[in-house]
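Here are some exercises to work through with the model open beside you. Try each task before you read its solution.

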Amino acid sequence: SAARVATSLEVFLPLVRGRLPGCPDMILTDAVRDACIEFCKRTRLLTEDVAIDVVQGERTVELLPDTDTAWEVLKVWRTDGDVLTASNRQDIADSDYDIDSGTPRWYYLEGDRLLVLGAYPNANETLTARVTVRPKDTATRVHDVLWQDYRQPICAGARAWVRRHYGEWINDKQEAEDRSVFELGVHQANLRRARGGANAQLRVRAHPF
């Protein structure tokens, strides 16, 4: 919700600025935003349930999260709990769901915010999509959790971003050190999500081929 997107990017700057003397705040802010975006993309840290108003005869529906930009679709379901199947453009075309009319059973994401359904809807309905989100390219504020729980790796990622893009502050050794901190943060966030935030033991399941 909008209330959760309350932390200004400026709050991160003192933690980024220390090892980049003289770097303008505008560059530091861009670096923090880029690090937040990459972190969210790679960790699926932020999710949102988005209502989708399907209109008869219209296959494409725009996903509009409250404040951020949709990145991946994790699940789509109907009000009765019926879950649609994730697919792709080619498979839907091969099955003729791109020309048939009926109850949509399949979906894929086109670009960053367009949900494409198969088949063409033959009635109006409301679906719900659970999507991962990441900050917009123009964001000035981000979700509080990025500051509260992940500020150290994000600030390290921001410093590495500056060292990669601006010659005055290029330092391969320090960039590698900062990038390592960022990568560890991504790994730990993914591990925490896999364990359900409860430190549960991970299990391996064999799948027949």
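**Exercise 1. Find how much area the protein chain exposes, and which share carbon and sulfur atoms supply.**

Start with the total: the protein chain exposes about 11700 Å², by the Shrake-Rupley method with a 1.4 Å probe, where for residues only the protein chains shown count as cover. Carbon and sulfur atoms supply 47% of that area. Before going on, note that this is a predicted model, where local features need pLDDT of at least 70 and side-chain atom pairs count only at pLDDT 80 or more, while totals for chains, interfaces and linings use all residues. Residues are numbered from 1 along each chain as its sequence is written, and side-chain values use heavy atoms, with hydrogens and water left out.

Next, burial: 38% of the 209 residues count as buried (under 20% relative accessible area; exposed is over 50%, partly exposed is in between, with a 1.4 Å probe and protein chains only). Taken along the principal axes, the C-alpha atoms fill a box of roughly 60 × 40 × 30 Å.

Last, count elements: there are 6 helices and 11 strands (DSSP runs numbered from the N terminus, with H or I of at least four residues for helices and E of at least two for strands).

**Exercise 2. Work out the strand order of the open sheet of 3 strands.**

Step one is the order, E2-E10-E4, with antiparallel pairing (two strands pair if DSSP finds at least two bridges between them). Step two is the edges: E2 and E4 (69–77) each pair on one side only. The twist averages 35° from one strand to the next.

Step three, count bridges. E2 (residues 47–54) is joined to E10 (residues 125–134) by 8 bridges, and E4 to E10 by 7. For landmarks, isoleucine 52 stands opposite leucine 127 in E10, and alanine 70 is opposite valine 133 in E10.

**Exercise 3. Sort the side chains along strand E2 by the face they point to.**

Walk along the strand and you'll see the side chains alternate. Glu48, Val50, Ile52 and Val54 point to one face and are buried. Thr47, Asp49, Ala51 and Asp53 point to the other face and are not buried.

**Exercise 4. Is leucine 127 buried or exposed?**

Leucine 127 lies in strand E10. Its relative accessibility is 0%, so leucine 127 counts as buried. Now look at what surrounds it: leaving aside neighbours within four places in sequence, the contacts of leucine 127 (heavy atoms within 4.5 Å) include Val50, Ile52, Trp77, Leu84 and Leu117.

**Exercise 5. Describe how helix H6 packs with H5 and with H2.**

As a reminder, two packed helices are described by the angle between their axes and the distance between the axes. Axes here are lines fitted to C-alpha atoms, for helices over the stretch in contact, and angles run from 0 to 180 degrees between N-to-C directions.

Take H5 (residues 151–165) before H2: its axis comes within 8 Å of that of H6 (residues 172–194), and the two cross at roughly 145°. The crossing of H5 with H6 is left-handed (the near helix is turned anticlockwise from the far one by less than a right angle; clockwise would be right-handed). By class, the contact of H5 with H6 has 6 nonpolar, 4 polar and 6 charged residues (Ala, Val, Leu, Ile, Met, Phe, Trp, Tyr, Cys and Pro count as nonpolar, Asp, Glu, Lys and Arg as charged, and the others, Gly among them, as polar).

Then H2 (residues 25–43): H2 and H6 pack at about 35°, with axes 9 Å apart, and the crossing is right-handed. On the H2 side, the contact is made by Ala35, Glu38, Phe39, Arg42 and Thr43. The residues of the contact of H2 with H6 divide into 5 nonpolar, 3 polar and 5 charged.

**Exercise 6. Look at the backbone of arginine 44, aspartate 96 and alanine 119.**

Most residues other than glycine have a negative phi, and most peptide bonds are trans. Arginine 44, in the loop between H2 and E2, has a positive phi of about 55°. Its relative accessibility is 33%, so arginine 44 counts as partly exposed. Aspartate 96 has a positive phi of about 70° and sits in the loop between H3 (89–94) and E6 (101–102).

Finally, the peptide bond from glycine 118 to alanine 119 is cis, with omega near 10°. Alanine 119 is in the loop between E8 and E9 (120–121).
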